[in-house]
Amino acid sequence: ITIAADNQEVVDKADIIFIGVLPAHAEEVCRALKFSERHTVVSLVSTASMSLLHEVCSPVPHASIVRAIPLPPVAKHRGATVMTPPHAVISALFGSLGTVVPVESETVMKKMLPVSALMGQFYAQQRATQQWLQAEGVDADSAAKWTGAVFHCISYDSANANGHTFNELVEEQTPGGINEQVVREFTEGGVYDALSDTLDGILARVEGRPTPKRQKVKYSSTEEK
């Protein structure tokens, strides 16, 4: 590992440059650097637009400027990354760290970004499951270990999904079985409608437009006597 004296030395000695600064600093940092046409620039800054990157990284060719959003498990080579535009070298690099999804335009990439916001919800669902188990008398460590293991293993079949995967996985649940019951009751409770509404709201934020206003009704249930 070589530690450079400053950012410009890094740029001068490298062919591929990764920009990984805080969004508020990205423009200032990039404008202070002198790039050349030989460079490939990969921005990991979630809010830095392609138009800004094209401007501040000039004279780097547009085809060699990439926006990428890798999720944290790339550190364990189990991550997911969406990037634009497609770039063979950068795709191969992120592919070695997990699943990479190159898309043709920034517009499409923005529509993909809300899905990454489901990470916290995923953990919250696991936490709620653990809490339910504990309320049923299961100790905290066993409840957490089982919950984490189940969520991990049931995602295995969808890890390399295609356009038909999720329909097929839902439809293969046994009619009248316990898995089908969960899907049915979540549908009746509006869980998936709420998910869609939330993704709409996240997309609005990503695209810089007002969040859709919706009248929401909190889920509730009472046991029939």
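Start by selecting Arg-31 and Glu-27: their side chains meet in a salt bridge, with N and O 2.8 Å apart. As you look around, keep in mind that this is a predicted model.

**Stop 1: helix H2 and its charged pair**

Both residues of the pair sit in helix H2, 4 residues apart, which is about one turn of the helix. Colour them by accessibility and you will find Arg-31 partly exposed, at 43% relative accessible area, and Glu-27 partly exposed too, at 35%. Now add Glu-55 to your selection. Glu-27, Arg-31 and Glu-55 are linked in a network of salt bridges. If you would like to hunt for others later, the whole structure has 10 salt bridges.

**Stop 2: the largest nonpolar core**

Next, hide the surface and go inside. Which residues of the largest nonpolar core touch the most other members? Select Ile-19, Phe-35, Val-41 and Cys-57: among the 17 residues of this core, these have the most contacts with other members. Strand S1 (16-19), helix H2 (23-31) and helix H3 (50-56) each contribute at least two residues to the core. The largest share, 3 residues, is supplied by H3. As background, nonpolar side chains tend to be buried together in soluble globular proteins.

**Stop 3: a buried strand residue**

Move to strand S2, residues 40-43, and pick Val-42. Is Val-42 buried or exposed? Val-42 counts as buried because its relative accessibility is 0%, and the cut-off for buried is under 20%. Now select Arg-67 as well and draw a distance between the two C-alpha atoms. They are separated by 5.8 Å, although Val-42 and Arg-67 are 25 residues apart along the chain.

**Stop 4: two cis peptide bonds and a positive phi**

Time for some backbone details. Zoom in on Ser-58 and Pro-59, where the peptide bond is cis, with omega near 10 degrees. Pro-59 belongs to the loop between H3 and strand S3 (65-70).

Then jump to Thr-84 and Pro-85, which are also joined by a cis peptide bond, here with omega about -10 degrees. Pro-85 is in the loop between strand S4 (79-84) and H4.

On the way, stop at His-77 in the loop between S3 and S4. What is the phi of His-77? Phi is near 60 degrees, a positive value in a residue other than glycine. The side chain is worth displaying: His-77 is partly exposed, with 44% relative accessible area. For context, most residues other than glycine have a negative phi, and most peptide bonds are trans.

**Stop 5: a nonpolar patch on the surface**

Turn the surface back on and select Ile-16, Phe-18, Leu-44, Val-89 and Leu-93. Together they make a nonpolar surface patch of about 370 Å². S1 and helix H4 (88-95) each provide at least two residues of this patch, and Val-89 is one of the residues found in H4.

**Stop 6: helix H7 and helix H8**

Follow the chain to helix H7, residues 140-154, and click on Lys-145. Lys-145 is exposed, at 68% relative accessible area. Add Gln-130, which lies 15 residues away along the chain; the two C-alpha atoms are 8.9 Å apart.

Next, show Asp-157, Glu-168, Glu-171 and Glu-172, which form a negative surface patch. Glu-171 is part of helix H8, residues 165-171, and with a relative accessible area of 64% Glu-171 is exposed.

**Stop 7: salt bridges of helices H9 and H10**

Select Arg-184 and Glu-180, which form a salt bridge whose closest N and O atoms are 3.5 Å apart. This pair lies within helix H9 (residues 178-188), 4 residues apart, about one turn of the helix. Arg-184 counts as partly exposed at 35% relative accessibility, and Glu-180 counts as partly exposed at 23%.

For the last selection, take Arg-214 and Asp-200, whose side chains meet in a salt bridge at 3.0 Å from N to O. Asp-200 is in helix H10 (191-207) and Arg-214 in the segment after that helix, so the pair ties together parts that are 14 residues apart in sequence. Arg-214 is partly exposed, at 37% relative accessible area, and Asp-200 is partly exposed at 30%.

Terms used
Residues are numbered from 1 along each chain as its sequence is written. This is a predicted model: local features need pLDDT of at least 70, side-chain atom pairs count only at pLDDT 80 or more; totals for chains, interfaces and linings use all residues. Side-chain values use heavy atoms; hydrogens and water are left out. Patches are made of residues with over 30% relative accessible area and no salt bridge: like charges are joined within 9 Å, nonpolar side chains (Val, Leu, Ile, Met, Phe, Trp, Tyr) within 5 Å. Accessible areas come from the Shrake-Rupley method with a 1.4 Å probe; for residues, only the protein chains shown count as cover. A salt bridge is a side-chain nitrogen of Lys or Arg within 4 Å of a carboxyl oxygen of Asp or Glu. Lys and Arg count as positive and Asp and Glu as negative; His and the chain ends are not counted. The place of a charge is taken as NZ of Lys, CZ of Arg, CG of Asp or CD of Glu. Buried means under 20% relative accessible area, exposed over 50%, partly exposed in between (1.4 Å probe, protein chains only). A nonpolar core is a set of buried Ala, Val, Leu, Ile, Met, Phe, Trp, Tyr and Cys residues joined through side-chain atoms within 4.5 Å.
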